[in-house]
Every structure is written in C-alpha cells, then in structure tokens.
Amino acid sequence: MSKRRVSLDEKRIRMLQIFYEKKEFFTLKELERIAPKEKGIVMQSVKDVVQALVDDGLVRSEKIGTTIYFWTFPGENITAIEQRISEATKKIVEAEFKLQKLKEACEKEKVGKEDTEERELLLRELEELKAIEDQLKKQVAKFKDADPEVIAKLAEKAQEYKDATNVWTDNIFAIQSWCKRKFDISEDCLNKQFDIPEDLDYKE
C-alpha cells in the first residue's frame with residue numbers, strides 16, 4: 001500500500017507545528033533531522049518548505065555568526081497574516097474602484113457592446129484577490145484562540161535567547177579587541193579571517 005502524497009500546504013502546516021510544539025530555535029540541519037521523523041516531511045523538501053514559510057513571514061530567520069537560526073511563535077503569525085489581509089483588502093478596494101469607473105465608461109458606450117478585455121482582466125483579478133483574502137482570514141481564525149499565557153511564556157523565552165545572544169556577541173567583541181591589541185591586526189582582516197559579519201551588533 002503506497003503512502004499518501006503530502007501536499008505543500010500540508011507540509012507547511014506540519015512544519016509550523018514543529019515550531020509551535022517545541023518552542024525552540026532551529027538550524028536547517030536540525031529541522032531536516034526532526035521533520036522526516038516526527039512529521040513525515042521528506043528531508044529533501046524541508047529546505048524549500050522552511051524558505052516558503054520565511055518568504056510568507058510565517059517563520060523568522062536570523063544569521064548568528066556563521067549559522068542561520070529559524071523560529072516562530074503563534075502570536076507573531078497573527079500580525080503577519082493580518083498585514084497580508086490588509087494589503088489584499090487594499091488591492092480589492094483599488095480593483096473595485098477601477099471596475100466601477102470602467103462600468104461607468106461602458107454605460108456611455110453603445111448598448112450591446114461586448115465587455116472590454118480590461119474589464120474581464122479586472123474581474124478576474126478581483127475574484128483572485130477575494131479568494132486570497134478569504135484564505136488569509138481562515139488562517140487568522142486558526143490563531144485567534146492562542147492562549148495569552150502561552151504567548152507570554154514564549155515572549156519570555158525569546159528574551160532569554162536574545163540575552164544569551166548578546167552575551168556571546170559581547171564575548172566576540174572582547175576577543176576582537178584582545179586580538180587587535182595582541183597581534184596588531186585590523187578589525188576588517190580579523191572579521192574576514194574568522195567569518196564574523198561586519199554588521200554584528202547586540203540584539204535589542
């Protein structure tokens with residue numbers, strides 16, 4: 001009996017479940033190890049699924065040193081999705097305004113004249129935007145009942161991670177300073193030698 005093919009949307013949902021259930025920061029390698037075992041997402045597709053979630057603003061990523069970390073919390077996604085709904089709604093209003101203007105122009109033409117190509121394109125665009133808005137609203141509904149206490153704990157955990165990151169950043173700055181004094185090496189050369197980002201700074 002063959003296994004059921006998992007759709008991209010289902011993979012995205014399962015990947016988000018990993019973040020929500022574990023409430024941790026992950027590297028791509030960690031996700032490639034966890035996702036196949038716990039959520040049935042084949043390792044080859046993990047990178048694409050995670051990147052799609054990052055592109056949609058549902059998962060956040062940050063490069064710390066030479067490693068990229070991924071994370072997300074339910075409360076953050078509500079804001080991202082609501083922003084997308086706002087943008088979709090704005091486009092709908094603009095499309096409806098254009099459509100109304102086009103209708104007014106059509107009424108001035110001869111009775112029985114066929115619809116213009118522009119009007120047909122606007123109608124299709126309007127329907128597509130409304131479908132996107134409905135889909136995004138359904139996603140918001142999934143998150144609206146998030147427990148405030150859980151979100152508060154997640155925020156506290158995030159602060160702990162940020163504090164830990166700042167400690168390591170402080171250590172790196174201290175080592176940079178020591179190396180510059182000890183070996184008379186420029187900061188640019190030091191950063192390049194040890195792959196330290198030029199924009200390394202404390203997280204606020």
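Student: Which side chain makes a polar contact of 3.1 Å with the side chain of Lys 39?
Tutor: This is a predicted model. Lys 39 sits in helix α2. Its side chain makes a polar contact with the side chain of Gln 17 at 3.3 Å. The partner at 3.1 Å is the side chain of Glu 21.

Student: Is Lys 39 buried or exposed?
Tutor: Buried means under 20% relative accessible area. Lys 39 has 15% relative accessibility, so Lys 39 counts as buried.

Student: Leaving aside neighbours within four places in sequence, which residues is Lys 39 in contact with?
Tutor: Two of them have come up already: Gln 17 and Glu 21. Both make polar contacts with the Lys 39 side chain, Gln 17 at 3.3 Å and Glu 21 at 3.1 Å. The full set is Arg 14, Gln 17, Ile 18, Glu 21 and Ile 34.

Student: Which parts does the pair of Lys 39 and Glu 21 tie together?
Tutor: Lys 39 and Glu 21 form a salt bridge, with the closest N and O atoms 3.1 Å apart. Glu 21 is partly exposed, at 49% relative accessible area. The two residues belong to separate helices, so the pair ties together parts 18 residues apart in sequence: α2 for Lys 39 and α1 for Glu 21.

Student: How many salt bridges does a search of the whole structure find?
Tutor: Lys 39 with Glu 21 is one of them. Glu 10 with Arg 14 is another. A search of the whole structure gives a total of four.

Student: Why are Glu 10 and Arg 14 separated by about one helical turn?
Tutor: An α-helix has 3.6 residues a turn, so residues three or four places apart point the same way. Glu 10 and Arg 14 form a salt bridge, with N and O 3.0 Å apart at the closest. Their separation is about one turn because, within helix α1, they are four residues apart.

Student: Is Arg 14 buried or exposed?
Tutor: Its partner Glu 10 is partly exposed, at 27% relative accessibility. The cut-off for buried is under 20%. Arg 14 has a relative accessible area of 17%, so Arg 14 is buried.

Student: How many residues apart in sequence are the parts tied together by Asp 56 and Arg 12?
Tutor: The side chains of Asp 56 and Arg 12 meet in a salt bridge, 2.8 Å from N to O. Asp 56 lies in the loop between α3 and β1, while Arg 12 is in helix α1, so the parts they tie together are separated in sequence by 44 residues.

Student: Which of the two, Asp 56 or Arg 12, is buried?
Tutor: Asp 56 has a relative accessible area of 26%, so Asp 56 is partly exposed. Arg 12 has 15% relative accessibility. The buried one is therefore Arg 12.

Student: Which residue takes a positive phi just after α1?
Tutor: Look in the loop between α1 (8-22) and α2 (28-39). The residue there has a phi near 55° and is not glycine. At 32% relative accessibility, it counts as partly exposed. It is Lys 23.

Student: Which residues touch the most other members of the largest nonpolar core?
Tutor: In soluble globular proteins, nonpolar side chains tend to be buried together. This core has 18 residues. The elements giving two or more residues to this core are α1, α2 and α3 (43-55). The residues touching the most other members are Met 15, Phe 19 and Leu 31.

Student: Which residues does Leu 31 touch, not counting those up to four places away in sequence?
Tutor: Met 15 and Phe 19 are among them. So are Val 46 and Val 50, which are buried in α3. The complete list is Met 15, Ile 18, Phe 19, Phe 26, Pro 36, Val 46, Val 50 and Phe 70.

Student: How far apart are the end C-alpha atoms of α3?
Tutor: α3 has 13 residues. At 1.5 Å a residue, α3 should span 18 Å. The distance in the model agrees with this: 19 Å.

Student: Which elements are included in what covers the buried residues of α3?
Tutor: The buried residues of α3 include Ser 45, Val 49 and Leu 53. Two helices and two strands are part of their cover. They are α1, α2, β1 (60-64) and β2 (67-71).

Terms used: Residues numbered from 1 in each chain as written. Predicted model: local features only at pLDDT ≥ 70, side-chain atom pairs only at ≥ 80, totals over all residues. Heavy atoms only, no water. Buried < 20%, exposed > 50% of the residue type's maximum accessible area, 1.4 Å probe, protein only. Polar contact = N/O pair within 3.5 Å; in protein donor to acceptor, adjacent residues only side chain to side chain. Contact = heavy atoms within 4.5 Å. Core = buried A, V, L, I, M, F, W, Y, C linked by side-chain atoms within 4.5 Å. Expected span 1.5 Å × (residues − 1).
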